[in-house]
Amino acid sequence: MVLKSVCLAAMVATAAAFSPAAQPQRTGSVSLNAEMSKSIPFLVRPEKLDGSMAGDMGFDPMGLSDIQTDLKYARWAELKHGRAAMLAIVGMVIQEAGIHFPGAQFTEINPLLAPAKVGLAGNMQVFLTIGIIECANFNKYYGEGEPGDLGLDLGMLKGMSPEQLKYRQEQEIVHCRLAMIAITGAIVQTLLFDKPLLGGSW
């Protein structure tokens, strides 16, 4: 009798393991008419990504916009990294093509070895330039104004309509994102295969 009770209890426990668990009642359930993300149509558009920023496609699967108190600061960071990436990938290809500043210290085409060959003075000039730009624009990162606007448009944006200006901004952010992917791939390729992007050898 005891054996039968144990077997019965084991079978009930086994069956219960495959039964669907009770779902807790969620107060913040998704409404049927909730706006979906343009980039990921099966996910709801994040609240802060309302399309007001250029290049905003509602792509935030990790929910990073939820923890950002100011999306303008995040856009500043994205633009700065993107602009640096555009300069880096273009510079990497141009250097490999044999176009460089005069001087033996600028002839190294391996991007991982080039900083050491340039030397301390050359690297300090780069960091000093970056520092000056950062200090000159530090207050803009948290205040009002357009993210990424350093006042260096040379008058080329004057006379543009808001639609034209937003189109240019979208072009820039798309190229920034592409360049960040490109320079990451280029560095990974260099680390893995130790060969120039344009073929040949160092």
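Right after helix 3 ends, Gly-98 does something to look for: its phi is positive, at about 95°. Keep in mind that this is a predicted model. From that glycine, you can step back into helix 3 itself, then over to the core it helps build, and finally out to a patch on the surface.

**Helix 3**
- Helix 3 runs over residues 71-96, which makes 26 residues.
- From first C-alpha to last, helix 3 reaches 37 Å, close to the 38 Å expected at 1.5 Å a residue.
- Quite a list of its residues is buried, including Leu-71, Trp-76, Leu-79, Gly-82 and Ile-89.
- Charged residue names turn up in that buried list too, among them Arg-75 and Glu-96.
- What covers these buried residues? Helix 2 (64-67) and helix 6 (162-193) are included in the cover.

**The core**
- The largest nonpolar core is made of six residues: Ala-85, Ile-89, Met-92, Ala-179, Ile-183 and Ala-186.
- Helix 3 and helix 6 are the elements that each give two or more residues to this core.
- Zoom in on Ala-85 and you'll find it touching Ala-179, Met-180 and Ile-183, leaving aside residues up to four places away in sequence.
- As background, nonpolar side chains in soluble globular proteins tend to be buried together.

**The surface patch**
- Out on the surface, Leu-120, Met-124, Val-126, Phe-127 and Ile-130 form a nonpolar patch.
- Together, those patch residues have about 550 Å² of accessible area.
- Val-126, one of the patch residues, sits in helix 5, residues 120-137.
- Why does Val-126 count as partly exposed? Its relative accessibility is 47%, and partly exposed covers the range between under 20% (buried) and over 50% (exposed).

Conventions. Residues numbered from 1 in each chain as written. Predicted model: local features only at pLDDT ≥ 70, side-chain atom pairs only at ≥ 80, totals over all residues. Heavy atoms only, no water. Helix = DSSP H or I, 4+ residues; strand = E, 2+ residues; numbered from the N terminus. Expected span 1.5 Å × (residues − 1). Buried < 20%, exposed > 50% of the residue type's maximum accessible area, 1.4 Å probe, protein only. Contact = heavy atoms within 4.5 Å. Core = buried A, V, L, I, M, F, W, Y, C linked by side-chain atoms within 4.5 Å. Patch = residues over 30% accessible without salt bridge, like charges linked within 9 Å, V, L, I, M, F, W, Y side chains within 5 Å. Areas by Shrake-Rupley, 256 points an atom, 1.4 Å probe, with all protein chains shown as cover. Salt bridge = Lys/Arg side-chain N within 4 Å of Asp/Glu carboxyl O.
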